[in-house]
Amino acid sequence: IFSSSDQQAARDGILFPLTAVDTAYATGPISYVTTNLLEQLGYLAPNAFGGRTISPQVSELFSAALEIFKKGEQTEPGDYPYVGDIESPAGTHTVWISPNHTPGKHTLYLPEDC
């Protein structure tokens, strides 16, 4: 299970809730992604106002992660982390998906984020 308190980690900027992009993600199995993953894969960048901007292409990341999740559930259900490669603006990266503290919900992250 992902070790951070989900809500506190989101407030601290460690986890990014997918519902911040689209509320429709609330029904899916993946609820959080690490901010580090978004930065490393090229989906999160500084903006002119001192904050950060998320790329509109981030939905492609979430779709690819969902496919990794579905494949893991079909081939090795419950054998976490589910691992797969994702193509991103910054190249190909191996990502992991593990349960978080909310039953039935998961976090998408890079191996070094643990």
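**Notes on a predicted fold**

1. Let's start with one pairing: Gly-84 has Val-95, in β6, as its bridge partner. Next door, Val-83 has Trp-96 of β6 as its partner. The strands β5 and β6 run antiparallel and are joined by 7 bridges, and a hairpin of 2 residues connects them. Helices (H or I, at least four residues) and strands (E, at least two) are DSSP runs numbered from the N terminus, and two strands pair if DSSP finds at least two bridges between them.

2. Before going on, a word on what you're looking at: residues are numbered from 1 along each chain as its sequence is written. This is a predicted model, where local features need pLDDT of at least 70 and side-chain atom pairs count only at pLDDT 80 or more, while totals for chains, interfaces and linings use all residues, and side-chain values use heavy atoms, leaving out hydrogens and water.

3. Now the overall plan. There are 3 helices and 7 strands in the chain, and from the N terminus they come in the order α-β-β-α-β-β-α-β-β-β. Of its 114 residues, 36% count as buried (under 20% relative accessible area; exposed is over 50% and partly exposed in between, with a 1.4 Å probe and protein chains only). Take the contacts (heavy atoms within 4.5 Å) between residues at least 6 apart in sequence: 46% of them join residues at least 24 apart.

4. What is the order of the strands in the open sheet? Its 5 strands go β1-β2-β7-β6-β5, with mixed pairing. β1 (15-17) and β5 sit at the edges, each pairing on one side only. On average, neighbouring strands are turned by 30 degrees against each other, ignoring direction.

5. Follow the sheet from β6 to β7. These two strands also pair antiparallel, over 4 bridges, and Trp-96 has Tyr-109 of β7 as its bridge partner. Their hairpin has 6 residues in between, and Gly-104 in that turn shows a positive phi of about 80 degrees. For context, most residues other than glycine have a negative phi, and most peptide bonds are trans.

6. That brings up an exception worth finding on screen: the peptide bond joining Tyr-80 and Pro-81 is cis, with omega at about 0 degrees. Pro-81 is in the loop between α3 and β5.

7. Helix α3 lies across β2, β5, β6 and β7 (106-109), running at about 155 degrees to β5 (axes are lines fitted to C-alpha atoms, for helices over the stretch in contact, and angles run from 0 to 180 degrees between N-to-C directions). α3 also gives the most to the largest nonpolar core, with 6 residues.

8. About that core: it has 21 residues, and Leu-61 and Leu-108 touch the most other members. (A nonpolar core is a set of buried Ala, Val, Leu, Ile, Met, Phe, Trp, Tyr and Cys residues joined through side-chain atoms within 4.5 Å.) β2, α2 (35-40), α3, β5 and β6 (91-99) each give two or more residues. Leaving aside neighbours within four places in sequence, Leu-108 has contacts that include Ile-30, Leu-37, Leu-61, Ala-65 and Val-95.

9. There are 4 aromatic pairs (rings of Phe, Tyr and Trp, using its six-membered ring, with centres within 6.5 Å; planes under 30 degrees apart are stacked, over 60 edge-to-face, the rest tilted). Why is the pair of Phe-69 and Tyr-82 edge-to-face? Because their planes meet at 65 degrees, with the centres 5.6 Å apart. Phe-69 is in α3 (58-75) and Tyr-82 in β5 (82-88), so the pair ties together parts 13 residues apart in sequence. Tyr-80 and Tyr-82 make a tilted pair, 4.6 Å between centres and 45 degrees between planes. Ring pairs thus link Phe-69, Tyr-80 and Tyr-82 into a cluster. Tyr-80 is partly exposed at 29% relative accessibility, while Tyr-82 is buried at 4%.

10. Last, two spots on the other strands. Thr-34, in β2 (30-34), is buried at 2% relative accessible area, and its side chain makes a 2.5 Å polar contact with that of Asp-113 (N or O atoms within 3.5 Å; within protein, one able to donate a hydrogen and the other to accept it, and residues adjacent in sequence count only if both atoms are side-chain atoms). Phe-16, in β1, counts as buried at 19%. The C-alpha atoms of Phe-16 and Leu-38 are 8.7 Å apart, with 22 residues separating the two along the chain.
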